[in-house]
Every structure is written in structure tokens, then in C-alpha cells.
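Biologist: I am new to this structure and would like to learn how to read it feature by feature. Could you take me through it slowly, giving the general idea before each case?

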Amino acid sequence: MPTPLIPRAITAFLAALCILGPAIASAQDTREGIIIAQQTDKAAHPPPETLTKPEIVVGYIGRFLQPKPRGFFPVFDSVYAGGSVTLGGGYGWAYGDKGSFAVRGLYSIKNYKLFDVLTNSPGHMNGHLTLFGTAGWRNATDAAFYGLGMGASLGDRSDFDFKESYARGNAELRPGDWVVFKGSVGLEAYEIGPSGTHDQSVEGSLTPDQAPGVGADPTYIHSRATAGIDTRTSPGYSRSGGYYGATIHNFTNTNGPYDFNRVEGEAIQHIPILRETWVLSFRGKVESTLGNDMSDTPYFLLPSLGSGSSLRAYTSWRFRDRHSLLTQAEFRWIPNRLGMDMAVFYDAGKVAPRFDGLSFKGMAHDWGVGLRFHGPSFTPLRLEVARGSEGVNFVFSGNAAF
Amino acid sequence: MRRILRPTVRAALLTAAAAIVAVAAFAPLRGASLKFYRDDPLAREPESADAAHVARQQIDLLPDLMLNLFVPPGDLEKNVRARDINTIDEVPDSSWFTNRIYAQPLTVEDVTRGPNADPGPAPGRWTITAAKVVGFAPGFTMRDSRGVTWFVEMDPKGYPHASTAAVAVAVRLFWALGYNQVESYLATFKRSDLDIDPKATVSPRPWRKRALRKSDLVRAFETAQREKDGSYRAFVGRLIPGKIVGPFKYFGTRVDDPNDLVPHEHRRSLRALRVFGAWVNLNDMKAGNTLDSVVEENGRHRVVHYLQDVGSTFGAGGAGPREWDEGYEYVYQASPMVKRLVTIGFDLSPWQTIPYKVLPEVGRFEGDHFDPETWVPRIPTAAFLRARDDDNFWAALRVAAFTDEQVRAVVHTGEFEDPAAEKLLGDILIKRRDKIARAYLPKLTPLTRFALANGTLTFENAATQYAGLPEPDGGYRAEWFEFDNATGATTRVIGETTSKTPSLVAPVGVPGLPAADGAFLKVALTAPDSKHPTWSHPVEVYFRRTAGAWTLVGVERLADGAPGSSSPSSPLNTEK
């Protein structure tokens with residue numbers, strides 16, 4: 001006999017109360033019960049990982065900058081001084097414990113081009129020896145030559161097309177905390193031709209007296225040895241310590257004359273003031289081509305001044321001769337310890353045909369202000385404006401000034 | 001309808017309908033959300049679900065740093081009351097935190113023992129199983145003669161004892177403060193005491209793992225401080241038990257941990273690290289210095305959260321003395337950066353001029369110019385930025401609870417070579433402790449440890465007890481109410497009493513305090529003081545009548561959403 005509907009509903013209600021009541025009561029009467037219910041629900045229905053848009057973007061950037069075993073990377077470097085704004089890219093991959101290999105290409109708005117392969121292998125000899133190798137080709141279509149000596153004027157500018165194919169190996173040994181030895185051997189094949197971008201070209205219009213080595217396309221075995229004391233935290237960025245080193249170069253031409261030797265001496269000192277609130281930085285550099293034969297060194301390999309790392313208000317390659325002297329001083333202040341430096345700077349330099357002509361008289365000089373974005377040991381972007389006797393120059397560089 | 005549906009189907013529908021009605025019958029109660037449940041206050045945070053399936057997560061350094069520096073991650077709502085606290089404004093024990101100092105009496109022996117359960121690595125030779133590749137401090141992983149795995153970190157060359165002593169001391173302090181810490185010991189060894197396991201590996205790059213060679217260790221020993229007798233002093237930390245599942249973030253929750261319900265930025269136990277970090281100068285608060293481990297207990301798994309690396313403390317780190325600005329500025333902070341930029345550096349920050357008494361074993365650490373409210377770690381963490389005055393008050397109570405004797409005893413475990421260094425570190429910690437107490441305890445009505453018995457409400461004034469402040473010039477005042485737990489309303493004003501001392505007698509006369517079991521009492525306590533206007537804001541204290549006695553069930557210092565944040569600003573803000 002069927003049970004009437006209402007009593008049956010009451011029975012069902014009571015039955016449901018008996019079944020669900022304790023659970024509900026438990027959940028509502030105790031805080032622990034509520035939390036356990038939430039944990040049970042999360043276990044049954046795990047929520048998706050939710051990120052805000054800024055979190056996604058920053059995460060992407062961070063992951064892009066994380067070291068990877070291989071991948072593409074942007075390159076902010078120079079093809080050749082005077083190339084103006086240059087951008088490039090590369091593909092690199094890691095090998096071994098610390099080694100890396102990369103293929104790069106760079107192009108500047110002045111049609112300068114570079115392709116190279118590089119390998120860097122640090123960490124040998126318990127971390128004391130770093131090996132480096134590179135091979136490549138570059139072309140500066142509009143390289144400048146203003147003549148020899150400090151008397152060369154801006155209006156005397158001639159141009160040449162500079163091509164270099166090169167392969168070299170470097171080794172850097174740091175046996176102690178401060179001492180550094182470097183050595184390299186490389187093959188450098190130069191091909192110099194007329195530039196099509198200006199009226200006056202070095203090749204064909206200047207004589208060997210005006211431009212030593214004009215018309216020559218030497219192929220050098222270039223050997224270099226350096227010994228120094230380096231107490232900086234890093235050559236790429238430092239607020240303390242110094243570098244005192246000497247380098248000797250030997251250029252042996254495999255296809256003709258123009259063998260020559262050159263020595264360089266460089267001194268850098270950073271003096272921090274008030275816990276690195278300010279830093280006084282000084283640099284002196286002398287380059288000297290050995291011997292008295294004025295014609296043994298091609299004009300495009302003579303010591304030079306002018307550009308973003310020497311006389312910053314002057315255009316690249318502004319002054320060339322057999323010997324050069326550069327002095328630089330910076331007053332730096334540090335808005336951010338890990339990211340940003342500011343500086344006012346003063347540069348003075350001189351070139352001379354004879355070493356005894358290097359003096360503090362008759363120097364070209366400039367001053368300016370700079371903004372540098374840096375990491376703990378590198379300076380990826382240096383923006384400077386400098387003023388000298390020939391006007392104002394803007395510097396965009398991917399390296400430290402010194 | 002009755003003709004269409006078969007009886008079985010009809011019965012099922014009826015049952016379902018009845019069930020819905022039954023649930024609905026309870027809904028009002030659930031919706032009413034009792035203020036206090038019968039198990040309040042919770043002494044332990046429930047972790048009921050099995051966490052066996054929690055997977056290893058990796059938090060890369062760079063994205064973590066960028067996120068915390070340039071994007072305020074986590075819940076952006078301001079003044080959110082901590083959500084891992086119980087109804088008496090305390091943090092219950094959990095896989096994150098264990099109540100120790102202040103919550104329970106700790107002896108000097110307790111705090112100096114810290115997390116250490118046994119005498120440390122067994123005597124005998126150590127077998128190296130892996131080279132250390134992360135962090136600045138030189139070190140390696142080894143297995144002792146009992147087969148127990150330990151992580152070994154030595155002092156950096158030129159800075160004897162500073163780094164290892166810092167770890168030894170900090171591990172004990174953070175253990176006493178309530179955090180899960182690695183068993184840690186100081187040890188000395190000679191290179192001749194070491195063997196290399198043939199199966200030992202090294203990962204010179206994240207994606208590369210290979211057999212360990214002797215040469216891998218040469219660099220580590222070259223950069224480590226060698227004692228005069230040729231030995232090396234090291235901090236030795238025991239391998240964390242369980243399945244390691246990576247670090248935790250200071251915001252959000254782990255989606256695969258069912259027990260992880262409270263967003264980490266709203267955990268008081270993590271917010272409080274701002275105060276604890278300020279005390280010991282724990283600068284390096286990145287996710288990479290935390291670690292989660294899945295442990296099995298009684299057949300169920302739960303995730304245990306460790307502050308893994310608290311060695312970046314005091315005045316020296318794994319690579320030598322601290323940077324001058326550490327503790328004073330984030331690595332990127334807009335306001336001082338812009339000021340220095342436009343003033344050519346002449347807008348000086350405190351870190352540029354304060355004097356330090358620098359001893360090599362202590363480094364750059366001082367207490368005279370320390371300001372706990374402006375102290376910041378290298379990188380902001382979401383949890384710090386959400387800390388409110390009640391969180392800081394809670395944390396400051398724990399810092400203040402360390403006695404001088406306890407502080408000096410813990411510092412002694414650093415086994416400093418120079419007694420002056422040990423004394424200096426102890427002096428600085430005591431100074432900084434007192435400054436923290438003076439900074440945070442008076443910010444709110446500083447009354448704690450409430451008890452109601454025999455018609456008398458007793459409590460402590462933390463500001464007088466720990467910060468050396470006098471009793472409030474207006475005395476103590478209590479307004480007594482009967483409280484309806486179901487509606488959350490005060491139903492009857494019982495009366496008001498005052499006292500000059502932290503003890504208040506309940507209003508006498510008719511009708512007096514409720515006497516029935518299950519009754520609730522609310523007392524609004526103030527400590528009016530002319531020098532501290534905030535002390536006139538009441539602390540609301542709730543008691544429940546149980547078995548003829550009053551049990552503390554609720555403490556509210558600062559309501560959810562109420563302004564009350566003395567936390568440092570984000571690095572993107574213009575003002576520090």
C-alpha cells in the first residue's frame with residue numbers, strides 16, 4: 001500500500017537530516033571543520049595557477065634573461081669605431097662547465113657589418129686561466145682618416161673602406177688575486193679600398209707621406225703580451241681598485257713590409273669616497289710605436305684618439321700618429337649601487353710623431369656628463385654627451401669608459 | 001505527474017527535495033557565521049588533506065627578483081588582517097610556524113640547543129657527495145661516518161668566523177622565534193679528513209651534472225678561510241627530511257598543496273619576518289632561501305616550510321662584509337635613487353654616514369642608528385609589504401621576549417675567536433631588540449595575556465614590560481558587555497571599571513557577569529595615555545563561560561580593513 005506523499009516527505013526529511021546533519025553540524029560548529037572542508041574541496045578541485053598580466057610579463061622577461069644552454073640573444077656592440085648606432089643578434093650555446101660558443105652578426109646604420117664566431121672557456125687551472133677564441137669578418141665602409149698629428153683638421157677628412165678578416169686566440173692567466181697576464185696570437189688580413197660615400201678617399205688621393213701604408217693590404221700575425229696588476233672588482237665595472245699594466249704588440253706582415261711593434265702602458269685608479277657615494281676615477285694611457293721608420297705602420301693601425309672611449313667629444317679616429325697619450329678623469333656618483341652611475345668627466349689627449357713629443361702641452365680636451373646602466377661587473381649601456389673644441393658629441397656605448 | 005513518474009523515481013525525487021530542505025534548514029546558521037566556534041581558539045592549523053602529490057616547483061632567481069621589485073605581487077587589497085591567526089590574535093602552530101618564545105617559557109638551554117637534536121656529524125672521515133654551486137660561501141655536501149648527509153659552508157677568505165658564526169646564531173634565533181630550521185652545527189676539519197664519493201656529482205650549470213673531480217673542490221678551498229693550523233671552520237647543516245619540493249613564494253598559495261589555503265602575503269608568520277629580519281639584519285629574503293619538504297606522518301603527507309638560509313644576517317655574508325646600504329634600501333628604490341641622481345649624490349642617506357665599530361667577525365652591524373621601521377631587506381617581499389601594526393606588534397612581542405641572557409647565550413654558540421666580537425654582537429642585538437620593542441609595542445593599545453578569574457581581569461602591558469614605558473597616565477579602563485555569539489552583538493552593558501594597574505575588577509552588583517555556561521563576555525579595554533593617543537582605541541577581549549570558569553576566546557586589536565600599516569613602501573613608491 002503506497003505511503004501518502006506528505007508523511008513520506010517527512011520521513012525523507014528526517015532521514016536526510018540524520019545523514020547530513022552531523023556532517024553539516026560538524027562543519028558549522030567547529031572552525032577546524034570549516035577549514036578541513038575547504039582543504040578537502042581544494043584537494044578535490046585544485047585551483048589553476050593564476051597570474052596577473054604584470055606577473056606574466058615580468059616572468060617572461062626574467063626567464064628570457066636566465067642562463068640557458070642555448071638560444072638567441074641580442075648584441076649591443078660596435079663593428080668599428082665610428083659606425084654609429086649598431087645592433088645585432090647572435091645564437092649561442094654552452095659547453096662544458098663554463099664554456100660558451102656564439103655566432104654573431106652586427107649591422108650599423110652606416111652600413112658597417114660584422115660576422116664572427118666566439119668561444120670563451122673560463123675556469124681552467126682551478127679557475128685561474130681563461131681561454132678565448134674568435135674568428136670573423138668586418139667591414140667599415142666609411143672609416144675616417146683626418147691626417148697625421150694634432151694639426152689635422154676636420155676638413156681634411158678622407159675616407160676608406162676597411163675590411164678585416166681575423167682569427168685569434170687569447171689566454172688570460174690570473175695566478176693570484178691581483179696579478180694578470182694576457183697573451184694572444186692572431187691572423188689579421190686587411191683589405192683597404194676606396195670609400196664610395198665621400199668625395200675624398202684615402203686610397204688613390206693621399207700619398208704614403210700623408211697616409212703611411214696607403215694601398216697596402218697587409219696580413220699580419222699579431223702577437224700580444226700583457227702583464228698587469230688588477231685590483232678592480234671587474235674590468236667591466238668597478239668603483240674601487242686599479243689597473244696598472246703594460247702590453248707589447250708585434251705585427252708581422254706575411255705578405256710584404258709594414259712589420260712593426262708597439263707598446264702600451266695603462267694606469268687606471270678608482271678612488272671611492274664616503275662609502276662609494278662618489279668615486280674619483282683616473283686613467284692614463286700611452287701607446288708608442290717602436291722604431292723611427294715613419295712608414296712602417298699603416299695609417300689605419302696607428303694609435304688614435306677620438307671616440308667614446310678616449311676623447312669623447314671628438315669623432316672617431318680624429319687624431320692619429322705613431323704615439324699617443326690619453327688622460328681621463330671622472331667624478332662619478334652612484335644613484336643606484338646595482339644599476340646606475342652618473343659621471344662628469346674630463347678627457348685630454350695628444351698624438352705625436354715622436355715619443356718625446358708626448359707632453360701635456362697642446363692636448364685636445366673635452367668634458368661632459370654621462371649616464372651608465374651597469375650590473376655588478378658589466379656596463380651594458382653608457383650614454384654620454386661631451387663638449388670639446390669641435391663641438392658636441394653623443395656617445396652610445398655598450399662598454400665601460402674605463 | 002503522479003501517473004507519469006514511477007514510484008521509485010518519485011521516492012528519489014522526494015528524498016532529494018527533503019535533503020535540500022534539510023540543508024536549507026541549516027543554512028541560516030551557517031550564514032550567520034558564529035563569531036566563535038566551540039573549538040576556538042585553534043591551537044593548531046588543521047592540515048587534513050594528503051599532500052603526497054605536491055610536485056617540485058622551481059622559482060628562478062631573476063623572475064623572482066624582478067617580480068618583487070617591479071610588480072607588487074599577490075593580493076593588492078590594503079590593511080587586510082592576517083588570515084593565519086586564530087581568534088585570540090595569535091598564530092596557531094602549523095607547518096609554517098611553531099609557537100616558542102613568548103608563547104611558552106624557553107630556557108637558555110632551549111634556545112642554545114635550537115633545532116639540534118643530536119651532537120652533529122659523527123666523528124670520522126667525511127665523504128664528499130656533491131660540490132656546492134649555489135651562493136657565495138664556499139662549501140660542499142658530505143656524508144658522515146653514520147651515513148647522514150650534511151651541507152658544509154666555510155667562511156670566505158679574509159673573513160674568519162663571520163659567516164659561520166652568523167649562521168650558527170641566526171638558526172637558533174629563528175628557531176626560537178618559531179620557524180622550521182635546519183639542524184646546524186659548527187665544525188672544523190682538514191682537507192685530509194675528506195674523501196670523495198666515486199658517485200659524487202657536481203652541477204656547474206643548471207642543465208649540466210657530471211662526476212665530481214678533485215679539481216672542483218680546489219677553488220672552494222682557495223676561496224675559503226683557512227685556520228692557522230691548516231683546518232677549515234664550517235657551518236654544517238643537516239639534510240632536511242622528506243621529499244624536497246622547492247621553495248615557497250611570499251605571496252599566493254601552492255595550488256597543488258590542498259592544505260595551503262591562506263595566501264602567503266596574509267600569513268602573519270611571514271609578515272612578521274620583517275620585524276625579525278630587521279632585528280638580525282636578515283637581508284636576503286628571496287624565495288630561493290626558503291624550502292618546502294613533503295613529510296609523511298601517520299600515513300598522511302604534509303608540506304613543511306623552512307626558512308632554509310638565514311645566514312645572511314648581522315654584518316657579514318657569504319662573501320664578506322655587507323654592502324653599506326643593505327638594510328637601508330632595496331637594491332632598486334626609486335626615491336633615494338632620484339634624489340641622489342639630481343643632487344649629484346649630496347642627498348645623503350643614513351647608511352652613508354653612520355659610524356660602525358667593525359670587527360672582522362661581526363662586520364657592518366650596529367644598533368645605535370638602527371631604525372626598525374625603516375629597515376628593509378634587499379628585495380621587498382609581498383608579505384612584508386602587507387604587514388600591519390598588529391602583525392608588527394605580535395612580532396615585536398617575540399623579539400622583546402628574548403632576555404639578555406638568552407641573547408648572549410645564543411651569540412656564544414657562534415664560537416667567536418675574539419671575545420670582543422661576541423660581546424659586540426650581543427650588545428647590538430640587545431640594542432636592536434629594545435628599539436624594536438619601543439617602535440612597535442606602543443603603536444597599539446599594548447595589552448596582552450588576558451585572563452579572567454574570580455571576577456578580576458588580569459593582563460600585561462607589553463609597553464611597560466618590554467619597552468620601558470611608564471603606566472598610562474589615564475590608567476586602565478574596561479567596558480564590560482554581555483555578548484551574543486550568534487548575532488555578534490553586545491546585548492547588555494554590564495558596567496565600566498578602571499584601575500591604575502593592569503588588573504581590573506569586574507563590575508559588582510546586579511546583574512553582574514553572566515553565570516550560565518556558554519555565555520559570552522566582551523571587554524573593551526583601553527589604556528588612555530596623553531603621549532599615546534592610540535591607546536584609547538580599545539582592545540576587544542572575549543571570554544566564554546565554560547564549566548564555571550571564563551576562557552579567553554577572542555582578542556581584536558585592529559579590525560580587518562582598519563588603517564594600521566607601518567610597513568615600508570614598495571620600491572616603486574616615491575617616499576620611503
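**A helix and its buried side**

Modeller: In helix α11 of chain B, which spans residues 404-412, the buried residues are B:Q406, B:V407, B:A409, B:V410 and B:V411. Buried here means under 20% relative accessible area, exposed means over 50%, and partly exposed lies in between, with a 1.4 Å probe and protein chains only. Helices are DSSP runs of H or I with at least four residues, strands are runs of E with at least two, and both are numbered from the N terminus. This is a predicted model, in which local features need pLDDT of at least 70 and side-chain atom pairs count only at pLDDT 80 or more, while totals for chains, interfaces and linings use all residues. Residues are numbered from 1 along each chain as its sequence is written, chains are lettered from A and ligands numbered from 1 in the order in which they are written, and side-chain values use heavy atoms, with hydrogens and water left out.

Biologist: Which elements do the buried residues of α11(B) pack against?

Modeller: They pack against α3, α4 (162-177), α7 (273-280) and α12 (419-440) of chain B.

Biologist: How should I read a residue that sits in a loop, and is B:N86 buried or exposed?

Modeller: One looks at its place, its accessibility and its contacts, where contact means heavy atoms within 4.5 Å. B:N86 is found in the loop between α2 (61-70) and α3 (108-113) of chain B, and because its relative accessibility is 10%, B:N86 counts as buried. Once neighbours within four places in sequence are set aside, B:N86 is in contact with B:P41, B:L42 and B:P92.

Biologist: What does A:M294 touch, by the same kind of reading?

Modeller: A:M294 lies in the loop between β11 and β12 (304-305) of chain A, and at 42% relative accessibility A:M294 counts as partly exposed. Not counting residues up to four places away in sequence, A:M294 touches A:P212, A:R322 and A:P353. From A:M294 to A:P208 the separation is 86 residues in sequence and 9.8 Å in space, C-alpha to C-alpha.

Biologist: How many salt bridges are there over all chains?

Modeller: A salt bridge is a side-chain nitrogen of Lys or Arg within 4 Å of a carboxyl oxygen of Asp or Glu, and a search of the whole structure finds 73 of them over all chains. In one of them A:R283 pairs with A:E266, with the closest N and O atoms 2.8 Å apart. A:R283 lies in strand β11 (residues 278-289) and A:E266 in strand β10 (residues 260-273) of chain A, so the pair ties together parts that are 17 residues apart in sequence. A:R283 is buried at a relative accessible area of 12%, whereas A:E266 counts as partly exposed at 21%.

Biologist: Which distant parts of the chain does the pair B:R557 and B:D89 link?

Modeller: The side chains of B:R557 and B:D89 meet in a salt bridge at 3.5 Å, N to O. B:R557 is in the segment after β20 (549-556) of chain B and B:D89 is in the loop between α2 and α3 of chain B, 468 residues apart. Both B:R557 and B:D89 are buried. They also belong to a network of salt bridges that links B:R81, B:D89, B:R268, B:R271, B:R388, B:D390, B:D391 and B:R557.

Biologist: How many residues does each chain give to the contact between chain B and chain A?

Modeller: The contact takes 75 residues from chain B and 61 residues from chain A. Buried area is the accessible area (1.4 Å probe) that two parts lose on being put together, summed over both, and between chain B and chain A this area is about 5700 Å², of which carbon and sulfur atoms give 62%. On the side of chain B, the residues that lose the most area to chain A are B:R205, B:W207 and B:V255, together 11% of what that side buries.

Biologist: What salt bridges are counted between chain B and chain A?

Modeller: The count is six salt bridges, and the side chains of B:R210 and A:D97 meet in a salt bridge at 2.3 Å, N to O.
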